[in-house]
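Subject: Structure for your review

Dear colleague,

Please find below the structure I promised to pass on to you. My notes on what was found in it follow directly after.

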Amino acid sequence: MLNILLVKTSSMGDVIHALPSVSDIVEHFPAAKVDWVVEENFAELPALHPGVRRVIPVAVRRWRRNLLNPASWREMSAFRRTVQAENYDLIIDSQGLIKSALIACMAHGPRCGYDWSSAREPLAAQVYDRTIRVARDLHAVERNRLLVGRTLGYTPDEAVDYGIAAPELVLPWLPLGGYVVLLHATSRADKEWPETEWLALAAHFNSQGLRCILPWGAAHEQARSERLARQMANAVVPPRLNLAQAAALLGAAQAVVGVDTGLTPRAAALRVPVVALYCASDPGLTGVFSSGPAVNLGRSGQVPQQAEVIAALEKVMQR
């Protein structure tokens, strides 16, 4: 039995992009046991994959903010004991950062990761027992899959399988009938799609008898959801959702339109029809990547236009 520890801690999109590598491992080594070290805020994501035996949460972000708090040091000690409780046949750091390399060093077993030219932080490569070269101009999903495949001696298949399904949860606030999810919230203002465009898109969906659901994560995003919803017909602003509830919402949607945010690739991972909008970043490296009905539109300096968004929606919703 092959015991593997995968280190991929954050962010949400990065964690999602690593899920297909677990599907590949299970396909080529059905008896393999995969543990996964991940930031505590994203621990629900790898837990959705049936190929992951154990999720080991880490709290590097929170510990950094509270280094003088004795509780942080107790939690760090507890994490070290947990990650050292197993002897691994292989420890794969697919994050390629100094912090993730240090986490890999805590565990017992041979360490593998990107080589000096491939890692996001080249110094991380110094701590690995074996390094793998993977081109940096590939999509993150491809990079993860190639790193793991080359480490274990196989070539990943062309088809991409994220290995997760939406949980079956009752969302009591969700009205009956078909709906689409509009993911308007993102980490930077320059990544946002104009509000006038969201309103026009909602009118298009309303003409098809579909409600618009506008999730949010922070208070200012809630305010924006509510402002948009007031100008849309039959729109719904949900309560704040945890990751499992968000997956249930996305998984049952007729379509998802989202900007550059973690929930957009998650919808694609669930094989929901997705149109991803990029206004200030290049989707070539981290855009939605799926064997399902998904399209990336726009790039830095080129905001997607309403007509091309609707045309893309018609294509992905017909698949």
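Which residues form a nonpolar patch on the surface? In this predicted model, the patch is made up of Ile98, Leu102, Trp116 and Leu123, which together have about 410 Å² of accessible area. Leu123 belongs to the loop between strand S5 (111-114) and strand S6 (130-132). With a relative accessible area of 53%, Leu123 is exposed.

I turn next to the interior. The largest nonpolar core has 58 residues. Those with the most contacts inside this core are Ile25, Trp36, Tyr162, Val181, Leu250 and Val256. Helix H1 (residues 12-28) supplies the largest share of this core, namely seven residues. A second, separate core has 25 residues, among them Leu201, Cys212, Val257 and Leu313. As for Val256, residues up to four places away in sequence being left out, its contacts are Val181, Leu183, Leu250, Ala267, Val272, Pro273, Val274 and Val275.

The surroundings of Lys191 and Asp260 may also be of interest to you. Lys191 sits in the loop between strand S7 (179-183) and helix H7 (195-207), while Asp260 sits in the loop between strand S9 (255-258) and helix H10 (263-269). Are these two residues buried or exposed? Lys191 has a relative accessible area of 12% and is therefore buried; Asp260, at 17%, is likewise buried. Their side chains make a polar contact of 3.3 Å. The side chain of Asp260 also makes a polar contact with that of Ser281, at 2.8 Å.

Beyond the four nearest places in sequence, Lys191 is in contact with Thr186, Val259, Asp260, Cys279 and Ala280. With the corresponding neighbours set aside, the contacts of Asp260 are Thr186, Lys191, Leu277, Tyr278 and Ser281. Thr186 thus appears in both lists. Asp260 and Asn296 are separated by 36 residues in sequence, and their C-alpha atoms are 10.0 Å apart in space.

How many salt bridges does the structure hold? There are 13, and I describe some of them here.

- Arg53 and Asp35 form a salt bridge in which the closest N and O atoms are 3.0 Å apart. This pair links distant parts of the chain, with Arg53 in strand S3 (residues 52-58) and Asp35 in strand S2 (residues 33-39), 18 residues apart. Arg53 is partly exposed, at a relative accessible area of 38%, whereas Asp35 is buried, at 0%.

- Glu75 and Arg62 meet through their side chains in a salt bridge of 2.8 Å, N to O. Because Glu75 lies in helix H4 (residues 70-83) and Arg62 in helix H3 (residues 60-65), the pair ties together parts that are 13 residues apart in sequence. Glu75 is partly exposed, with a relative accessible area of 32%, and Arg62 also counts as partly exposed, at 26%.

- Glu195 and Arg224 form a salt bridge with the closest N and O atoms 3.1 Å apart. Glu195 is in helix H7 and Arg224 in helix H8 (residues 219-230), so parts that are 29 residues apart in sequence are tied together by this pair. The relative accessible area of Glu195 is 24%, which makes this residue partly exposed; Arg224 counts as buried, at 8%.

In addition, salt bridges with shared partners join Asp35, Arg53, Arg54 and Glu86 into one network.

Finally, some points of backbone geometry deserve your attention. Most peptide bonds are trans, and most residues other than glycine have a negative phi. Ser10 and Ser11 are joined by a cis peptide bond, with omega at about -5°. Ser11 is placed in the loop between strand S1 (3-7) and H1.

Asn234, although not a glycine, has a positive phi of about 60°. Asn234 is part of the loop between H8 and helix H9 (243-251) and is exposed, with a relative accessible area of 52%. Arg271, also not a glycine, has a positive phi of about 65°. Arg271 lies in the loop between H10 and strand S10 (274-277). At a relative accessible area of 48%, Arg271 is partly exposed.

With kind regards

Methods: Residues are numbered from 1 along each chain as its sequence is written. This is a predicted model: local features need pLDDT of at least 70, side-chain atom pairs count only at pLDDT 80 or more; totals for chains, interfaces and linings use all residues. Side-chain values use heavy atoms; hydrogens and water are left out. Patches are made of residues with over 30% relative accessible area and no salt bridge: like charges are joined within 9 Å, nonpolar side chains (Val, Leu, Ile, Met, Phe, Trp, Tyr) within 5 Å. Accessible areas come from the Shrake-Rupley method with a 1.4 Å probe; for residues, only the protein chains shown count as cover. A salt bridge is a side-chain nitrogen of Lys or Arg within 4 Å of a carboxyl oxygen of Asp or Glu. Helices (H or I, at least four residues) and strands (E, at least two) are DSSP runs, numbered from the N terminus. Buried means under 20% relative accessible area, exposed over 50%, partly exposed in between (1.4 Å probe, protein chains only). A polar contact is a pair of N or O atoms within 3.5 Å; within protein, one must be able to donate a hydrogen and the other to accept it, and residues adjacent in sequence count only if both atoms are side-chain atoms. Contact means heavy atoms within 4.5 Å. A nonpolar core is a set of buried Ala, Val, Leu, Ile, Met, Phe, Trp, Tyr and Cys residues joined through side-chain atoms within 4.5 Å.
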